[in-house]
Amino acid sequence: MKATQNPPTAVQVTPADLLRMAALYLRRHGWHQGTYYHPTTDTPTPPACAAGAIGIATAGHTVEHFSHLAPDALGDYLAALAAFVDYLDTTEPLFLVDEDGFVIDEHTSPYSWNDDPARTAEDVIAALETAADEWDRLHTTGGENR
């Protein structure tokens, strides 16, 4: 490299990027309910739930538990999952409350949202893509991240 050349810079992956990659993963490899990944050993790319797909988008492979990710990757995973939760909470509140404001079901989460028997793969993929669009709308100005 010549002294006048600038070394390449790392590309910053945003939560929106990871959400879109997770949606693409589900389109290509399938969606799953009940666990992060379909319990199969014959493929490195098993069907995944929404959170599992975000994890694969982050790590590039399946992981037993996301706490096993490197600190930077864990931060990226948690940011993408938080963006997904924020989106879901604005469209279908994840914590149901009664008329007095008390939590009815404190165990409702993006995991149980994914595992709802009425949920479809297309619902999950559309939610991931729309959450990505919403993150971009809230966090970008003129193509640059804030």
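**View 1. Helix 3 and helix 5 are roughly perpendicular to each other.** Angles of 65 to 115 degrees count as roughly perpendicular, under 35 as roughly parallel, over 145 as roughly antiparallel, and the rest as oblique. Helix 3 covers residues 71–91 and helix 5 covers residues 121–139. Their axes come within 9 Å and cross at roughly 100°. The contact is made by Ala-83, Phe-84, Tyr-87 and Leu-88 of helix 3. From helix 5 come Ala-127, Leu-128, Thr-130, Ala-131 and Trp-135. Contact means heavy atoms within 4.5 Å. By class, this contact of helix 3 with helix 5 has eight nonpolar, one polar and no charged residues. Nonpolar means Ala, Val, Leu, Ile, Met, Phe, Trp, Tyr, Cys and Pro; charged means Asp, Glu, Lys and Arg; the others, Gly among them, are polar.

This is a predicted model: local features need pLDDT of at least 70, side-chain atom pairs count only at pLDDT 80 or more, and totals for chains, interfaces and linings use all residues. Residues are numbered from 1 along each chain as its sequence is written, and side-chain values use heavy atoms, with hydrogens and water left out.

Two terms recur in these views. Axes are lines fitted to C-alpha atoms, for helices over the stretch in contact, and angles run from 0 to 180 degrees between N-to-C directions. Helices (H or I, at least four residues) and strands (E, at least two) are DSSP runs, numbered from the N terminus.

**View 2. Tyr-87 is found in helix 3.** Is Tyr-87 buried or exposed? At 16% relative accessibility, Tyr-87 counts as buried. Buried means under 20% relative accessible area, exposed over 50%, and partly exposed in between (1.4 Å probe, protein chains only). Leave aside its neighbours within four places in sequence, and Tyr-87 is in contact with Ala-127, Thr-130 and Ala-131. Tyr-87 and Leu-128 are 41 residues apart in sequence. In space, their C-alpha atoms are 8.8 Å apart.

**View 3. The buried residues of helix 5 lie on the same side of the helix.** These residues are Val-124, Ile-125, Ala-127, Leu-128, Ala-131, Ala-132 and Trp-135. They cover an arc of only 160° around the axis. The arc is that of the directions from the helix axis to the C-beta atoms. Now check the length. At 1.5 Å a residue, the 19 residues of helix 5 should span 27 Å. The end C-alpha atoms of helix 5 are 27 Å apart, which agrees. The expected span is 1.5 Å times one less than the number of residues. Arg-137 also lies in helix 5. At 57% relative accessibility, Arg-137 counts as exposed. Arg-137 and Ala-16 are 121 residues apart in sequence, yet 9.9 Å apart in space, C-alpha to C-alpha.

**View 4. Helix 1 is roughly perpendicular to helix 3.** The two axes come within 8 Å and cross at roughly 80°. Helix 1 brings Pro-15, Leu-18 and Leu-19 to the contact. Helix 3 brings Asp-76, Ala-79, Ala-80, Ala-83 and Phe-84. By class, the contact of helix 1 with helix 3 has seven nonpolar, no polar and one charged residues.

**View 5. Helix 1 has buried residues, covered in part by helix 2, helix 3 and helix 5.** The buried residues are Pro-15, Ala-16, Leu-18, Leu-19, Ala-22, Ala-23, Tyr-25 and Leu-26. Helix 1 spans residues 15–29. At 1.5 Å a residue, its 15 residues should span 21 Å, and its end C-alpha atoms are 21 Å apart, which agrees. Gly-30 follows helix 1, with a positive phi near 105°.

**View 6. Helix 2 is largely enclosed by the rest of the structure.** How many of the 10 residues of helix 2 are buried? Nine are. They are Ala-50, Ala-51, Gly-52, Ala-53, Ile-54, Gly-55, Ile-56, Ala-57 and Thr-58. What covers them includes helix 1, helix 3, helix 4 (110–115) and helix 5. Gly-60 follows helix 2, and its phi is positive, near 90°. Thr-58 and Gly-75 are 17 residues apart along the chain, and 9.7 Å separates their C-alpha atoms. Gly-75 lies in helix 3. With a relative accessible area of 36%, Gly-75 is partly exposed.

**View 7. The whole chain has five helices and four strands.** Along the sequence, the pattern is α-α-α-β-β-α-α-β-β. Buried residues make up 33% of the 146 residues.
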